[in-house]
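Here is a short report on a protein model. Look at the cysteines, the core and the pockets in turn.

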Amino acid sequence: MLEVLDTTAFINGPEVQTFQKELEEYLDVKHVIPCANGTDALQIAMMGLGLKPGDEVITADFTFAATVEVIALLQLTPVLVDVEPDTFNIDPEAIKKAITPKTKAIVPVHLFGQTANMDAIMEIAEEHKLFVIEDNAQAIGANYHFKDGSSKKAGAIGHAASTSFFPSKNLGCYGDGGAIFTNDDELAHTIRGIVNHGMYERYHHDVVGVNSRLDSIQAAVLRAKLPNLNKYNKARQEAAKKYTEAFRGVAGVT
């Protein structure tokens, strides 16, 4: 943090670029595009995919308001479907029933560190030619194990993903921060412009963008914490096990 202050490279400085590369390596994803917060990350992912007003976006009815907020801000139509009672993640069967000719995307929310059923969701998306945008604000570092025995990190499965670095998250900075992930080179290029006023070349605004950049001090904090992320997640799992054991046998509590 002191180095950032000394160099005054406050916006998109070396710390941001290095953090981006380190997170790409950790997630085994081709592109990480840092931005100002997790809400922006989700909105920018939708902008990058070219969703238009009136397009329907299916997402879970049990999630933080930001998931639906950005859909409304872009004048898209949110379609809320129920979650599975044992995971609180979006129900693939409910997704199938909600699809119409206007449906363009699915936003599964990986809640409480547990991933949604991405095998089923990706199959549905492929069948109906829909985009999948993972809301990964609560599950960074989680592993999804596919039916074929392979595995990927949450956020590296869909066409795009968003995450939040809000201080209370598993990987949190000392302010606001977020990022978009994708394995699509063309989409990544589009998103890199959108986060910075639609600029690819200084003062040449090729697309309509927003002002949403991760500042270098937050990147420095995240760089220091990223090597400990697996340890943080394990500690949360151990705490969860203790709660599970403590409430075992209590009537009315699952």
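## Cysteines

The sulfur of C173 lies 11 Å from the closest cysteine sulfur, that of C35, which is too far for a bond. A disulfide would need the two sulfur atoms within 2.5 Å. This is a predicted model. It holds 0 disulfides. C35 is in none, and its nearest cysteine sulfur belongs to C173, 11 Å away.

Are these two cysteines buried or exposed? C35 has 0% relative accessibility, so it counts as buried. C173 has 1% relative accessibility, so C173 counts as buried too. The cut-off for buried is under 20%.

## The nonpolar core

The largest nonpolar core has 23 residues. M46, V57 and I180 have the most contacts inside it. Which elements give two or more residues to this core? They are strands β1 (31-35) and β4 (103-107), with helices α3, α4 and α7 (185-194). The largest share comes from α3, with 5 residues.

I180 is worth a closer look. Leaving out residues up to four places away in sequence, I180 touches H31, V32, I33 and C35. It also touches A41, I44 and A45. A161, I191 and V195 complete the list. C35, one of these partners, is the buried cysteine described above.

## The largest pocket

How big is the largest pocket? Its volume is about 660 Å³. It is lined by 23 residues, and the closest to its centre are F112, G113, Q114, R236 and Q237.

Helix α9 (residues 229-247) gives the most to this lining, with 6 residues. By class, the lining of the largest pocket has 11 polar, 7 nonpolar and 5 charged residues.

## The second largest pocket

The second largest pocket holds about 370 Å³ of space. Which residues are closest to its centre? They are F64, A66, A137, S164 and K169, out of 22 that line the pocket.

Three elements give two or more residues to this lining: α3 (38-48), α4 (66-73) and β8 (160-164). Helices α3 and α4 also give two or more residues each to the largest nonpolar core. By class, the lining of the second largest pocket has 11 polar, 8 nonpolar and 3 charged residues.

Key: Residues are numbered from 1 along each chain as its sequence is written. This is a predicted model: local features need pLDDT of at least 70, side-chain atom pairs count only at pLDDT 80 or more; totals for chains, interfaces and linings use all residues. Side-chain values use heavy atoms; hydrogens and water are left out. On a 1 Å grid over the protein atoms alone, a cavity is a set of points where a 1.4 Å probe fits but cannot get out, and a pocket is an open set with protein on both sides within 12 Å along at least five of seven lines; lining residues have an atom within 4 Å of a point. Grid points are joined across faces, edges and corners, and a volume is the space filled by probe spheres set on the points. Helices (H or I, at least four residues) and strands (E, at least two) are DSSP runs, numbered from the N terminus. Ala, Val, Leu, Ile, Met, Phe, Trp, Tyr, Cys and Pro count as nonpolar, Asp, Glu, Lys and Arg as charged, and the others, Gly among them, as polar. A nonpolar core is a set of buried Ala, Val, Leu, Ile, Met, Phe, Trp, Tyr and Cys residues joined through side-chain atoms within 4.5 Å. Buried means under 20% relative accessible area, exposed over 50%, partly exposed in between (1.4 Å probe, protein chains only). Contact means heavy atoms within 4.5 Å.
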